[in-house]
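Got your viewer open and a selection tool at hand? Let's take a walk through this model, one selection at a time.

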Amino acid sequence: SVRIIKEEGIENRYERHRKNARAMQSALEAMGFTLLAEKEHRAVTLSNAIYPEGIDDAEFRKILAEEGAVVAGGLAAYAGKMFRLGHMGNIDTHDMVSAISAIERTLYRMNKNIELGAGITTLLKELMA
């Protein structure tokens, strides 16, 4: 791990994390989630996505796992109201597209008003900018 970090360079690694975080967070918002932290205070390694009205946490995470992605539930006062999605380390565009796509498919399967492709389009536009 240290070798990988040294090869990428610590400054480059941090900038990649910032860009990935912005893209993931924008994609989540495009799908109707609200992010827990204010934009200027968001982590670059993890997003806390608050569910839109009418989403059952257990059902969402069960279907999401069937779609190939696993997220952590909210803690304390946010238990059942949000999920935590990590986007740190050596993830790449493929990992992020897969995660956002799984979330879109989950919302679709839950009969939520989702425009398929909204999250993916937003994610890719942010990543390619």
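**Stop 1: the helix at 10-30**

Select α2 and look at its surroundings: the buried residues of this helix are covered by elements including α1 (2-8), β1 (34-35), β2 (46-50), β4, α4 and α5. Keep in mind as we go that this is a predicted model.

Which residues of α2 are buried? Colour R13, H17, N20, A21, A23, M24, Q25, S26, A27 and L28. For a quick geometry check, pick the end C-alpha atoms of α2: they lie 30 Å apart, which agrees with the 30 Å that its 21 residues should span at 1.5 Å a residue. Then step past the helix to G32, which follows α2 and has a positive phi, near 100°.

**Stop 2: from α2 across to α4**

Now add α4, residues 93-109, to the selection. The axes of α2 and α4 are 11 Å apart, and the two helices pack at an angle of about 15°. An angle under 35 degrees counts as roughly parallel, and that makes α2 roughly parallel to α4. Their crossing is right-handed.

To see the side chains involved, show N20, M24, A27 and L28 from α2 together with M96, A99, I100 and I103 from α4, which they meet. Sorted by class, this contact comprises 7 nonpolar residues, 1 polar residue and no charged ones.

**Stop 3: α4 by itself**

Hide α2 for a moment and keep α4. From its first C-alpha to its last, this 17-residue helix reaches 24 Å, close to the 24 Å expected at 1.5 Å a residue. Its buried residues are M96, A99, I100, S101, A102, I103, E104, T106 and L107. What do the buried residues of α4 pack against? Bring back α2 (10-30), then add α3, β4 (82-86) and α5 (118-128) to find out.

**Stop 4: α3 against α4**

Next, select α3, residues 57-66. The axes of α3 and α4 come within 9 Å and cross at roughly 125°; the two helices are therefore oblique to each other. As with the earlier pair, look for the handedness: the crossing of α3 and α4 is right-handed.

Show F60, I63, L64 and E66 on the α3 side, and A102, I103, T106, L107 and R109 on the α4 side, to bring up the residues that meet. This contact divides into 6 nonpolar, 1 polar and 2 charged residues. I103 is worth a second click: it meets α3 residues here, and it is also listed in the contact of α2 with α4.

**Stop 5: a glycine in a strand**

Move to G73, in strand β3 (residues 72-73). Is G73 buried or exposed? It counts as buried, because its relative accessibility is 12% and the cut-off for burial is under 20%. Leaving aside neighbours within four places in sequence, G73 is in contact with R61, M82, F83 and R84. Try a distance label to N48 as well: the C-alpha atoms of G73 and N48 are separated by 9.2 Å, with their positions 25 residues apart along the chain.

**Stop 6: two positive phi values in loops**

Finish with a pair of residues other than glycine. A76 sits in the loop between β3 and β4, with a positive phi near 50°; it is exposed, at 74% relative accessible area. N111 lies in the loop between α4 and α5, and its phi is also positive, near 60°. With a relative accessible area of 70%, N111 is exposed too.

How values were computed. Residues are numbered from 1 along each chain as its sequence is written. This is a predicted model: local features need pLDDT of at least 70, side-chain atom pairs count only at pLDDT 80 or more; totals for chains, interfaces and linings use all residues. Side-chain values use heavy atoms; hydrogens and water are left out. Axes are lines fitted to C-alpha atoms, for helices over the stretch in contact, and angles run from 0 to 180 degrees between N-to-C directions. Helices (H or I, at least four residues) and strands (E, at least two) are DSSP runs, numbered from the N terminus. Angles under 35 degrees count as roughly parallel, over 145 as roughly antiparallel, 65 to 115 as roughly perpendicular and the rest as oblique. A crossing is left-handed if the near helix is turned anticlockwise from the far one by less than a right angle, and right-handed if clockwise. Contact means heavy atoms within 4.5 Å. Ala, Val, Leu, Ile, Met, Phe, Trp, Tyr, Cys and Pro count as nonpolar, Asp, Glu, Lys and Arg as charged, and the others, Gly among them, as polar. The expected span of a helix is 1.5 Å times one less than its number of residues. Buried means under 20% relative accessible area, exposed over 50%, partly exposed in between (1.4 Å probe, protein chains only).
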